[in-house]
Amino acid sequence: MAKGRKCPYCGYYMLAEQENTQAAGSWVVYVCRSCGHKEKVFEDK
């Protein structure tokens, strides 16, 4: 399950749009609800 993030540009909360679970953790695509910025990050388990 994605942890959640704050947008580095506007400071608004980002929501997980897509999550790909793997053995060591998950690749998560976050999108900001305010400005539309997208970010792909790897989160450890």
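These are my notebook entries on a few strands, a hairpin and a core in this structure, which is a predicted model.

**Entry 1: strand β4.** I began with β4, which covers residues 38-44. Which of its side chains are buried? I found E39, V41 and E43 buried on one face, while K38, K40, F42 and D44 point to the other face and are not buried. This fits a general pattern: side chains in a regular strand alternate between the two faces of the sheet.

**Entry 2: the partner strand.** Next I looked at how β4 pairs with β3, residues 25-32. The two strands run in the antiparallel sense, with 7 bridges. Opposite K40 in β4 I found V29. I then checked the hairpin of β3 and β4, where 5 residues sit between the strands. In this hairpin, G36 takes a positive phi near 85 degrees.

**Entry 3: the core.** Which residues make up the largest nonpolar core? I listed 6 residues: C7, M14, V28, Y30, C32 and V41. Strand β3 supplies the largest share of this core, with 3 residues. In general, nonpolar side chains of soluble globular proteins tend to be buried together.

**Entry 4: V41 again.** V41 came up both as a buried residue of β4 and as a core member, so I looked up its contacts. Setting aside neighbours within four places in sequence, V41 is in contact with R5, S26, W27, V28 and Y30.

**Entry 5: T21.** Is T21, in strand β2 (residues 13-21), buried or exposed? T21 counts as exposed because its relative accessibility is 55%, and the cut-off is over 50%. I also checked T21 against S34: they are 13 residues apart in sequence and 26 Å apart in space, C-alpha to C-alpha.

Methods. Residues are numbered from 1 along each chain as its sequence is written. This is a predicted model: local features need pLDDT of at least 70, side-chain atom pairs count only at pLDDT 80 or more; totals for chains, interfaces and linings use all residues. Side-chain values use heavy atoms; hydrogens and water are left out. Buried means under 20% relative accessible area, exposed over 50%, partly exposed in between (1.4 Å probe, protein chains only). Helices (H or I, at least four residues) and strands (E, at least two) are DSSP runs, numbered from the N terminus. Two strands pair if DSSP finds at least two bridges between them. A nonpolar core is a set of buried Ala, Val, Leu, Ile, Met, Phe, Trp, Tyr and Cys residues joined through side-chain atoms within 4.5 Å. Contact means heavy atoms within 4.5 Å.
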